[in-house]
Every structure is written in C-alpha cells, then in structure tokens.
Amino acid sequence: MSVTFADAAQVLRPPEDGLGHLRHDRAAELRAEPGSLTVADGRIAAFESDRLAEVRIDARGCALVPGFVDCHTHLPFAGWRAEEYEMKVTGVPYEEIARAGGGIRASARALAAAGDDRVVAQAFGLAAEMLTHGTTAFECKSGYGLSPDAELRALALAERLDAVVGQPTTSTALLAHAVPDGHTADGWMDEVAGLVPRVATGTRASALDLYVETIGFSNEHLARMGELAADHGLDLRAHVEQFNPNRSVPVALAAGARSVDHLSCLHPDDVEPLAAAADCAAVLLPGAEQMGNEATPPARALADAGALCVLATDLNPGTSPIASMPLIIGLAVRRYGWSAREALLAATLNAAWVLRMSDATGSLELGKRGDVLLLDAPIEHVPYRLGHNPVAVVVLGGELTWVRPDAAWRVTR
Ligand code: NIG
Ligand code: FE
C-alpha cells in the first residue's frame, strides 16, 4: 500500500538521520516544519506527496509525528482493581493495600483464575485502544505469575498476544515483582536464578526486570538480577525509586541497566550520573505518579543534564490503568515543565531505543518503518488538550490502520 500525507502544518523530524536516540538537552533541535510525506511498501519513502499514491490524506492544519512506542506496560493482565483506587484516593497507601493481599498479589490470583483466551482477549482490546491513541509498538511484561510456571505462562500469553495484534511487541520477564507467599525475597531470587536460563532459551523475553522497594526487592537483588541478565544476554530493566528513596540508580548503572523506571524519589546526587550514563534511559511514568499521588521525579533536571528521557504508560491494573500515550504526554508536560518536543521525543525515538527498536521505528526518517500518526492539530496541542485524543489517522507498518470517524473526509482512496 502507498499512502501520501499532503501539506501538513508540521512534520516532526530529528535534527539528523541515523540517531539511535537523542539526549534531552538537544530536544529543541527536533524540527517541526510544514511538509508532506509518502509511505510505500511499508517504509517512509519520501518527504513529498505522491499523486499516484493509493491513499491520499489531506493533512492541512495537522501534524505528522512518528507512532508512539510504549516501552513500559504490564500487558497481559487479567481484570482490573478499581476498588483499590477508591481506597487510594481516600488516603490508603499502596504498600498497605499490597500488605493486605491486594496489589500485585490480587492480580496474580486473577491471572491464575482466568483462562488463556480471556487473558489474551482483554490484552487484545487494550492493544486496539492503544492503537487508536497512536501506539505503534509496545512492551509486554510478565510479573503477575509469582511462580516459575505462572511466569512462563505469562510470557507465553505475551507471545500469543504478539501474534494477534498489529503492533510489534517485545517481552520482558519481570521475575521479581512481589515476594510470593511462602518465600523470602532471598529465597525467591534463588528460584529466579534457576528460572532465568529457561526464560532465556524458551521464551521471546529480551529483558529481565524487578521491583526494588521496601515491599519488594533490594538493591542486592538488583545487582544479582544484573548478573543474571548479563550471563544470559538479556537486557536489565528495573522499577526503582517509586515510593521510597532507595538509592538504586547507582546500583542499576553498575549492573548495566538499559533503563531505570519510575524515579519519583530519585536522589538529587543521582541525576548527573544517570544523565551521563552512556546507555541507560530514565523511563518516567507520570500516569502512575498521577494515579498514586506519587512524588514528581526531577524530570526537568534530568532533561537539562542531557539524560535519555523516556515516557511510557506503565499500563497495569494497579498503579496506572492508562492506555493513552497522548494523556501521558499531557501529564508529563504539566508535571515536569517539559516542552511538547521533549515529551514527544521521550514517547517516540528514545522509547524505541529502550526496546532496541530505534533502527526500525521511532522517528520519521527515510527507510524507517511506516509508523506515522496524523495529529488533528500542531504538536503543542497534544499536552494542551489534556484528555482529548489528537490521533486522527494511524499508519502502522505502512498500512492505513485507523481513521478517526470525524477525520474520514481527509482520506481519499
Ligand atoms: O509499575 N510497582 C510495581 N509494579 C507496577 C505496579 C503493579 C501493580 O500494582 O499491579 C508499577 O507501578
Ligand atoms: Fe511498571
């Protein structure tokens, strides 16, 4: 299929081609200039319109941006936990809900009770919702298994999901999420050490992850997970500094983490080392911050220091039941004092880098996969119209995949 977008008000492009990522002190160099774009045979073929294209899209007044990459989700999961949210807004802390058997354990019970088809169907519906909000690639995680077999099942379900959704996905094995009943954290990590070789050879997981927190795992476990990842050729991701300051970032950097995620309680002394790290992204999750009334990470300082900043939904039934990247961008700009360019960079190219997808997608460059969004207004409107879905058209892998009903007049076939 060939699709041409004609006469957009803005085409968001990186300052140069071939960048695997772009540090946030250079975000202002992203260009947003008037132009056109043509996608053919699945790839971005030209930055001009093509009269002969099979589909012509009138892009006047609109922005063209790369598809969003959601590099931190907990898909697939079973059911929701709305009752916990009602408790949280009245002031009951997440840790207390978790200790009382709610939280991750409640989702583990729900996953165990749900049949495979039901789990995949729920995640499929969410992937479709994500697509209509512009997400053209995403990460899946295990973590609601809490036993070796159930973690392997979750990874198998993620693989089934990958086979049925339009978006490319990756899988992360979040093997240390909550301490399973009947185990100590140390004892569970011994089981994890035995499980990792099976994950590495028998699943499509490309990364390991863990949750460092007073109710979860420690910095020593983080270091150990880093060794396991290195031994098995997997990336290391880590949930750190979400509710309490644990000074996990230096440990994660020493362990070679590809990303550190959350960072609400990041210590000021850890901003510079994280920003200076050659290959570790700061994945910020403003949806979880908002829903959990968490502290705001030092995101302005991270960006100014030139960190590799990334935004994601953290889509999960507990801390962030949010599937929309435009909403995440809006929350980030409000909470962090970021520009629309900074937030879009964090939601596209740098997010693709975390998933090792940035050679293929994440920016509008000739030859990259045709993952292109038509936004119904200039990019500055994405954070400004909080709660509005600005995505009018999604081209995924070169195929016209979603047209918002009110934008149908723009499309001529
Ligand atoms: O990223 N904090 C740990 N993990 C998830 C929450 C999981 C849950 O509450 O179900 C997170 O916030
Ligand atoms: Fe998470």
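Select strand β10, residues 235–240 (helices, H or I of at least four residues, and strands, E of at least two, are DSSP runs numbered from the N terminus), and colour by accessibility: six of its six residues are buried, where buried means under 20% relative accessible area, exposed over 50% and partly exposed in between, with a 1.4 Å probe and protein chains only. Asp235, Arg237 and His239 lie on one side of β10, Leu236, Ala238 and Val240 on the other, and both faces are covered. This is a predicted model, in which local features need pLDDT of at least 70 and side-chain atom pairs count only at pLDDT 80 or more, while totals for chains, interfaces and linings use all residues. Residues are numbered from 1 along each chain as its sequence is written, chains are lettered from A and ligands numbered from 1 in the order in which they are written, and side-chain values use heavy atoms, with hydrogens and water left out.

Next, add strand β9 (residues 205–210), which pairs with β10 in the parallel sense over two bridges; two strands pair if DSSP finds at least two bridges between them. Here Ala207 stands opposite Asp235 in β10. Showing helix α7 (residues 219–231) as well completes a right-handed β-α-β unit made of β9, α7 and β10; right-handed says that, with the strands pointing away from the viewer, the path from the first strand over the helix to the second runs clockwise.

Now select strand β11 (residues 259–262), which is parallel to β10 and paired with it over four bridges, with Val260 of β11 as the bridge partner of Ala238. The chain passes from β10 to β11 through helix α8 (residues 249–254), again in a right-handed β-α-β crossover.

Then display ligand 1 and the 15 residues around it, of which Tyr94, Tyr144, His177, Gln242 and Thr319 come nearest; a residue counts as near if one of its heavy atoms lies within 4 Å. For polar contacts (pairs of N or O atoms within 3.5 Å; within protein, one must be able to donate a hydrogen and the other to accept it, and residues adjacent in sequence count only if both atoms are side-chain atoms), pick Arg81, with a polar side-chain atom 2.9 Å from a ligand 1 oxygen atom. The side chain of His239 has an N or O atom 3.1 Å from an oxygen atom of ligand 1, and for His262 a polar side-chain atom lies 3.0 Å from a ligand oxygen atom.

Finish at helix α12 (residues 325–336), where a side-chain oxygen of Ser324 reaches to within 3.0 Å of the backbone nitrogen of Leu327. After α12 comes Gly337, with a positive phi near 70 degrees.
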